[in-house]
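Take a look at the structure shown here. This report covers a metal site and a contact between two chains.

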Amino acid sequence: MQPLLHLENISKRYGSVRVLDGIDITVADNEFLTILGPSGSGKTTILRIIGGFEGIDGGRLMFEGRDLASVPINRRPFNTVFQDYALFHHMNVAENVGYGLKVRGRPRAEIAAKVADVLETVGLGALGARYPAQLSGGQRQRVALARAIICEPRLILLDEPLSALDVELRAQMQRFLKSLQRRLGIAFVFITHDQEEAIALSDRIIVVHRGRIEQEGAPEQLYRRPRTPFIAAFLGENNLIAGTLAGVQGAVCRVETAAGPLHATVDGPAPLPGSAVLVAVRPEHITLAAAAPGALVAEVVEIRFLGANILIELRHPALPDTLIKVRRLADGSTARLSPGQRLTVGWAADDAALLVAKG
Amino acid sequence: MQPLLHLENISKRYGSVRVLDGIDITVADNEFLTILGPSGSGKTTILRIIGGFEGIDGGRLMFEGRDLASVPINRRPFNTVFQDYALFHHMNVAENVGYGLKVRGRPRAEIAAKVADVLETVGLGALGARYPAQLSGGQRQRVALARAIICEPRLILLDEPLSALDVELRAQMQRFLKSLQRRLGIAFVFITHDQEEAIALSDRIIVVHRGRIEQEGAPEQLYRRPRTPFIAAFLGENNLIAGTLAGVQGAVCRVETAAGPLHATVDGPAPLPGSAVLVAVRPEHITLAAAAPGALVAEVVEIRFLGANILIELRHPALPDTLIKVRRLADGSTARLSPGQRLTVGWAADDAALLVAKG
Amino acid sequence: GPKGEVRLLAYEGYADPAWVEEFETETGITVKVTYVGGVDEQIAKMKASNGKDYDVVTVDTASLKAFADQKLIAPIDKEKLTSAKNLLPDFQPMSNATFGGATYGVPWAWGSLGMVYDKKTFPTAPDSWEVLWDPRFKGKVISLDDANNDINFGAIALGMKDPFNLTDAQLAQVKDKLIALKKNLLTYFAGFDEGTTIWSENDVVLMFSMGELAAINLQKKGFDVGYVIPKEGAVGWLDNLTVSAGTENTDAAYAWMNFALQKKIGADMAKKYGYGATTDAPQGMDYANRLIWAQNPEDYTRRQAIWNEVKAAN
Amino acid sequence: MSTTSSSHRSARPRRRGIVRDLLWHGLNLGLPLLFVVLPILSFVLVSFWTLTNGQIVHTLTLANYRAFFTEGSYLQVYLGTVLLSAQVTLINVVLAIAIAVFIFRRTPRVRFLILMSFMLPLFMSYIIKIYSIRSILGQRGLLNEGLLALGLIDQPIEVLLFSRTAIFIALAVLYLPYAILPIYLALDRIPANYLAASADLGATPLQALRDIVLPLGRPGIAAGAVFTFILTFGDFVTPQMVGGTQGFTFGRIVFSQFGLALNWPLGSALAVILLATTLLAVALAGLTLRREHVR
Amino acid sequence: MKQKAPLLDTLLGLVAVAGLIALYAPLVAVAALSFFQITRVRGVMGFAPFSLEPYAALIANGEILAALATSLIVAMVASLASLVLALMFAFYFVSARRRFGLMMQMMVFLPFLLPPIITGLSLLIAFREIDFARGLATIIVGHIVFIVPVVYRTVLVRLQLLGGSLTEASLDLGASRVQTLVHVILPQMRPALISGALLAFAISFDETLITLFVAGSETTLPIRLWAMMRVGFVPEINALATLILLVTALITLAIGLLQRGQAERAS
Ligand SMILES: Nc1ncnc2c1ncn2[C@@H]1O[C@H](COP(=O)(O)OP(=O)(O)OP(=O)(O)O)[C@@H](O)[C@H]1O
Ligand SMILES: Nc1ncnc2c1ncn2[C@@H]1O[C@H](COP(=O)(O)OP(=O)(O)OP(=O)(O)O)[C@@H](O)[C@H]1O
Ligand SMILES: NCCCCNCCCN
Ligand SMILES: [Mg+2]
Ligand SMILES: [Mg+2]
């Protein structure tokens, strides 16, 4: 099936700085696609190119098989929530939100009704008459969101639309976005730097790094099977221990590290023995047990309360620069831990991923 | 000991809208204080009042025992990271960052050195010559941060300074802020809507709600002992089950709910029997077991993968409007769960908090 | 102004740079000339500063009395006016500038407000002002715009005896006459040059002119025009040198007047600007006796109001 | 010095030195009072005197104002002049908006240069320009001669000069830059992403013009309109020089009272009426700004 | 980002070009006439051959050059002073209580709303009353009084659009109000300031009717031209006007090129 939107081998430079390099992205109808990446990696640029606000230096942008090159911004059936909101300061909230309908010549009564409806949805029912200058940061962000969704476009582009919202509202807006997307059958291209949000919302995540696509896939797939050290470290926390590949038995590899031999599972063909590799273990996959001779024994450095979770940081004498992080539910089960304690750190070989260390 | 800063009974209105009402806050020297609250609750307004950008309609603002009323903005030994950055778009990054030193008449060489230093710290070492218009959202935020900290003020005011940053950078900046605070011995007043961040960074958290202080205290204290349903729901997730207080035995209360009698622990004096109350249980404190007759049995509705955690949502037939949320580490232990399954939901009475339901 | 300086308030052509230079080297007195475009400006300026900004002012006979009444100019001290002897005999008595027992000005330059005509259209000079009203020349006639002189001109065209003292009925007649002329006009103009420029850039054949210079300039530009004083007569104007009531440099003022009243200066002015000098009989200006010499009119305010009515009329 | 946010106003900390406050108010209110209001007030006073038999009578009366409404053609000329200025203002503001928008739509690197090319004509003396305009538009002017020589016409076009049309053309040409500048400067401050947002929401360029550019340019448009109206209303030289027998304007009447007519009281009264008119124009322009909300 | 709109741009472009032609036709005519004087032989128009005579005459015409010098001095001083005052008034307007601001604004605007003859005469009488000698100083004051409203409007429109957050940021970083003015506000207002100054200069340079009254015995170029209208302009006037235009164009171009660098980075 033909994708709704296809960015084919897009590249983009600002002056001599190349910010996008051979980006290839498809967006399927009714898909919730998230673009994730570090600050400055090119996320906003991708969105602006789709919206038509930036030209491209190479590649094509296809919408339902048509090249969008000659389609002006206002004819693209997309709407954008801008990272800096771009609210019209001379219009009040209701006027801002109703603008997209107004320029489509919808009758006043219909606009008023829809605006009231959408404002209600984003929790701003009472603020229609306020001007943007009279709103808080989060309220402005919600106005921007309301303004974009009211037009019910084929594709909505959202640049960190929830980042200024508190947890409650955020959860509420996430639910709203998700239901909206399902109800309207529209595709979302969503930028966020909050991985939990990305994982919770997305059908698919694309991780951008330095203007290139580093990896893409379903949230769990990316989380569970990172293919590069960058993805492993960027998407959720990971313990990365450097070593040399010593031997391979099926998918299980033996890695020589400063702390002794460790085991990890390789996804796909294994690298050549002798290669520099990393063993990646999620903090939630690490088990702690009483210190035992011959095992990987580390000392508790700090126990950090994170709310629902507790993070235990340990240090192994042979790995002075790497804190081993262990995550536990804050359910009282860690009450007996205290700094200075020495514990055996372990994991199932299946939970440790083998990654090739880069340059 | 006299606090560094004392907001005494501050109130503020915009026209007829009262946005702050009897706010009383002290900031101790070298303290990391976080103001948390829903969007529109008045957080930014509090910061702007401290900075001197907004007048007040009642109360006093004392700094080391001196009333700040007559101290102009530029004489207050505070620096602010604005929510919308407020970068000077006619100055490049280095000029923006060095501005505070320049107006203090520091020698050029010193400014250049310090700017290079701070830019390095915020990860923008190479971008000194860029103009704000040439930066990404996150990069701009880091410039704003660099610009405020370079002056090493007595107090730094930060309005969601990390919200546009990705997790990695955010963790890095959090570490940096914390170490900066320790190194310089300066106080931070920090606004965030990210509770995990608030909990991880703060010495103390003040939760603002509708222009009033709802509760304040150390992070764990607030998380573990919310005093109002609002705090219980706002700071981390909570399962809130409504009922009527039936009896009290010591600190343990019996609550009649639609799903049958439940037990909860009250903090302080118990309300009168017959009062409308809420039983609050953290998702991570709920245990799941095989369905058993006479127990609280609910049906799994959805299992949501959140990365390090898994959220299991269950529904009890007698509580159709309340999803019971259970949090687990994504360590494989929940692999056998599937929607439709019926399970016994339980918790230690000590983990359930009794709250008085508000009007 | 400082001693050793004389400040002139003059029309263009009354303070030629060459004369100024000569005067300055001769007397060591510096000259500061302020040019004005018209008598209205001149009187407004003088009145607002009580004449304190100028020492010598050129004022035409018709407005001399107004200046004197407003105490803007001082009587002439004939003792100090050593060059008075250079004046042509007709001007010697300065009777035009004498009223209330005092003399307020020394005649300096004169001319007429005659008719300029296109020689191709009029092989012989028109002999009456009436030709300006001839519908055949509608849109080809232009007229000077000057409240007082237009009323003088209307009265003269209507053959009135004393154009400077008109009765209400006469004024009403003049007004109608001028409104009738307006219908025939291409436009009004305000200065010599405006008249000649408009003539040269449009199809104009007749002009109630500001004076001889209009014809001279047009001829220089290659237009075949003549200048005539019609049978009804024409306004003659005479500008006088006066001493400002506000002067503190009386001696310098008289020094300039004595210098200006030399025959050679008058001759030079006539040659360069086509004005009649009062110290020398001007060439070709042989119609002085047919001119109706401008006098102080009955009521300036009234005349201005009437002229405004004419200009506002449709 | 301060900012525009009303919030900041209240934020201004109470000064230690009352002296500085006094100085600040003194400079800003005192200077205009001294150099503008007092001199002009004395003039307004004159407007309540009268001229009787060539003498100014120092009794306060409304006679001059009454005269404006009842005598002669003052009112008629006044109304004609208001109409003329309003028409020129309308045309010029429309043209200036088009030109300002045109400049605004160029890339930032060339905007200033284009803007300045529209300002440059202000540096030629306006008297010389009027002469030049006349030499172009005359029956035997450069335009007609040129068109005749090219055979495009066989009779000179006559209404170009010494007509109301001519006043229009000349005033429009002379004052156009004064309208362009403030309008452009207002447009120049419109945040670039507003246009991106409006396009994104489906607005055509024309709709963006109507909803974003023009509303945000409104303070500039108002300023441009006020400039044009006032300058054309007060200009009595241009109509006189190119308007032929139609070129009599209110400014001319005012001016004429201060010369030999020596009727300063009437002149002052008429000037006060002119002032009232321009004030009204400013107030009208101000009304259109009511809804403006500063960021 | 600019939304493409070829039709709109063509239309606007046509208006702009028409505007430029209308604005420049009188200028071009003057410049052309400074090299080729019009001749009329028996009323038939023609052009004299190319000649620089008017330019030679101009160099020799001390009177006109002196008037030009006076005008330049007056315009320079008056426009600079107006700029400073206009800025001060604009800041006052946005910072003082609304009532005071409006009061100031009304007063500042007055001279611009009145017929220039009233402004000129009232100033002249005031100078007379306080016995202040008419001269360069009074001309400059007269010009300032007339120019300030125009520059003030231009500056104020810009200042109001500037918004407060940059000022707040600057003060927060410890800058004094003056430092904030110099380092943040003025640079942000640069286009308005440059345009304001040029406009002020242009108005002052061409101001006639007020100058006529407040001038005393000083003569500016427009005054000289005004008086010359009676008997006609000498050809060197065309040369002078052409030269002034040329110099102005060059200066503007230089400023424009400088501005261009600014625009590139900050947009
Ligand atoms: N100028 C104003 N006029 C009227 N109301 C205002 C104005 N500025 C802010 N408010 C209102 O005051 C309340 C508090 O605003 P504030 O900016 O302090 O909220 P906040 O807690 O920072 O919210 P956020 O998390 O969304 O940034 C909001 O409801 C807002 O709408
Ligand atoms: N006008 C410009 N000139 C030069 N470089 C630019 C310009 N705009 C953006 N960049 C650079 O392009 C890169 C990508 O920017 P982009 O805004 O797409 O990042 P992002 O992924 O959205 O980051 P963030 O999460 O911080 O918003 C950044 O390094 C930025 O500095
Ligand atoms: N330019 C010199 C001509 C002087 C004419 N004075 C006549 C005054 C008529 N009111
Ligand atoms: Mg971005
Ligand atoms: Mg806020």
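## The contact between chains C and D

Contact here means heavy atoms within 4.5 Å. The model is predicted. Chain C gives 32 residues to the contact, and chain D gives 33 residues. About 2,900 Å² of area is buried between chain C and chain D. Carbon and sulfur atoms give 56% of that area.

Polar links also join the two chains. Between chain C and chain D there are 16 residue pairs in polar contact, with both residues at pLDDT 80 or more. The count of salt bridges between chain C and chain D is 2. One of them pairs the side chains of Arg134(D) and Glu194(C), at 2.4 Å from N to O.

## The chain C side

Several elements of chain C give two or more residues to the side that touches chain D. They are helix H2 (39-48), helix H3 (61-69), strand E10 (185-189), helix H6 (192-201) and helix H10 (300-312). The residues on this side of chain C divide into 11 nonpolar, 10 polar and 11 charged.

## The magnesium site in chain A

Two protein donors serve the magnesium ion (ligand 4): Thr44(A) through OG1 and Gln83(A) through OE1. They lie 1.9 to 2.4 Å from the ion. The pair links distant parts of the chain, 39 residues apart. Thr44(A) sits in helix H1 (residues 43-51) of chain A. Gln83(A) sits in the loop between strand E6 (78-81) and helix H2 (93-102) of chain A.

Are these donors buried or exposed? Thr44(A) has 25% relative accessibility, so Thr44(A) counts as partly exposed. Gln83(A) has 23% relative accessibility, so Gln83(A) also counts as partly exposed.

Methods
Residues numbered from 1 in each chain as written. Chains lettered and ligands numbered in written order. Predicted model: local features only at pLDDT ≥ 70, side-chain atom pairs only at ≥ 80, totals over all residues. Heavy atoms only, no water. Donors = N, O, S within 2.8 Å, 3.2 Å for Na, K, Ca; no water. Helix = DSSP H or I, 4+ residues; strand = E, 2+ residues; numbered from the N terminus. Buried < 20%, exposed > 50% of the residue type's maximum accessible area, 1.4 Å probe, protein only. Buried area = accessible area lost by both parts, 1.4 Å probe. Salt bridge = Lys/Arg side-chain N within 4 Å of Asp/Glu carboxyl O. Polar contact = N/O pair within 3.5 Å; in protein donor to acceptor, adjacent residues only side chain to side chain. Nonpolar A, V, L, I, M, F, W, Y, C, P; charged D, E, K, R; others polar.
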